Amino acid sequence: MAIVDNVVSVQKNIPSNVTLIAVSKTKSIEEMKEVYSTGIRDFGENKVQELTFKIGEFYDDVRWHFIGHLQRNKVKYIVGKVSLIHTLDSLRLLEEIEKQYKASGLTAEVLIEINIGREESKSGIYIEQIDEIIEACEKCSNVKVKGLMAIIPKGNEAECREYFSRMKQLWDKLGQRNYENIEMKYLSMGMTGDYEIAISEGSNMVRVGEGIFGKRIYLNKQKEE
Ligand SMILES: *Cc1c(COP(=O)(O)O)cnc(C)c1O
């Protein structure tokens, strides 16, 4: 199916309160323009170099979402360029984001990434680390937390539902508290294979790549993060 048709069929499954992010990693500017032509303005990338290249080549009215593991030494390249960093996954990264945004007089909007499936291969903090990172975020002047993000383990529908529902409970719980700098506005979860389940469990931001652009082809066994 053509990209434009893919967008239309994905959008049919997405209520208006849910933000659809087109995950364009590895995809060309030409392909991204097709998606843009359907009205989509939220694009997700997982590599800093690819992201900054594409920002230079693509339309200005796009909201860029950084969804990959963010190395501390690369934070400086994305300051002021992305609308949301989905992957705050450590205190040291928080410190660096605060430092770089402060130096530019800008404020970063971030999601805390939760490793809800406790997988060693994945980034994100464990649930028991949440209080510590929240406390640190409350002290920041140039970082605002806007919600949570998760990449769940592969599994069957029931297993997916269980992880999504645990994320929703955590998001609700944190949302009821009155923290400084922290607001539970977005719950970013759900990808091509499971975004409908994620939405039914309370996601309001889904990140869809292959369901829009078709299969990704990686050269040189590039690793996905
Ligand atoms: C690649 C990626 C996606 C999109 O995955 P698809 O299965 O292609 O929809 C979503 N979230 C993150 C963090 C990704 O890296």
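## Exercises on a ligand site and a strand pair

In this predicted model, a polar side-chain atom of Arg 216 lies 2.7 Å from an oxygen atom of the ligand. Let's work outward from that contact.

**Exercise 1.** Work out how much of the ligand's accessible area the protein covers.

*Solution.* Begin with the ligand on its own, which has 390 Å² of accessible area. Then add the protein: 94% of that area becomes covered.

**Exercise 2.** Find which atoms of Thr 192 and Glu 210 approach the ligand, and describe the shell around it.

*Solution.* Take Thr 192 to start: an N or O atom in its side chain is 2.4 Å from a ligand oxygen. Next comes Glu 210, where a backbone N or O atom sits 2.8 Å from an oxygen atom of the ligand. Both distances fall within the 3.5 Å cut-off for a polar contact. Now widen the view: the ligand is surrounded by 14 residues, and the closest include Lys 25 and Gly 209. Sorting this shell by type gives six nonpolar, two polar and six charged residues.

**Exercise 3.** Determine how strand E8 is arranged and how E1 pairs with it.

*Solution.* E8 spans residues 205-208. Met 205 and Arg 207 point one way from the strand, while Val 206 and Val 208 point the other way. All four residues are buried. Turning to the partner, E1 covers residues 19-23 and runs parallel to E8, with four bridges joining the two. Within this pair, Ile 21 is opposite Arg 207.

**Exercise 4.** Describe the span that UniProt annotates as a domain.

*Solution.* An unreviewed UniProt entry lists residues 2-215 as "domain: Alanine racemase N-terminal". In the model, this span is 39% helix and 21% strand. Its end C-alpha atoms are 12 Å apart.

Technical notes
Residues are numbered from 1 along each chain as its sequence is written. This is a predicted model: local features need pLDDT of at least 70, side-chain atom pairs count only at pLDDT 80 or more; totals for chains, interfaces and linings use all residues. Side-chain values use heavy atoms; hydrogens and water are left out. A residue is near a molecule or strand if one of its heavy atoms lies within 4 Å of it. A polar contact is a pair of N or O atoms within 3.5 Å; within protein, one must be able to donate a hydrogen and the other to accept it, and residues adjacent in sequence count only if both atoms are side-chain atoms. Accessible areas come from the Shrake-Rupley method with a 1.4 Å probe; for residues, only the protein chains shown count as cover. Ala, Val, Leu, Ile, Met, Phe, Trp, Tyr, Cys and Pro count as nonpolar, Asp, Glu, Lys and Arg as charged, and the others, Gly among them, as polar. Buried means under 20% relative accessible area, exposed over 50%, partly exposed in between (1.4 Å probe, protein chains only). Two strands pair if DSSP finds at least two bridges between them. UniProt positions are given in the numbering used here, feature names are shortened, and annotations may be inferred rather than shown by experiment.
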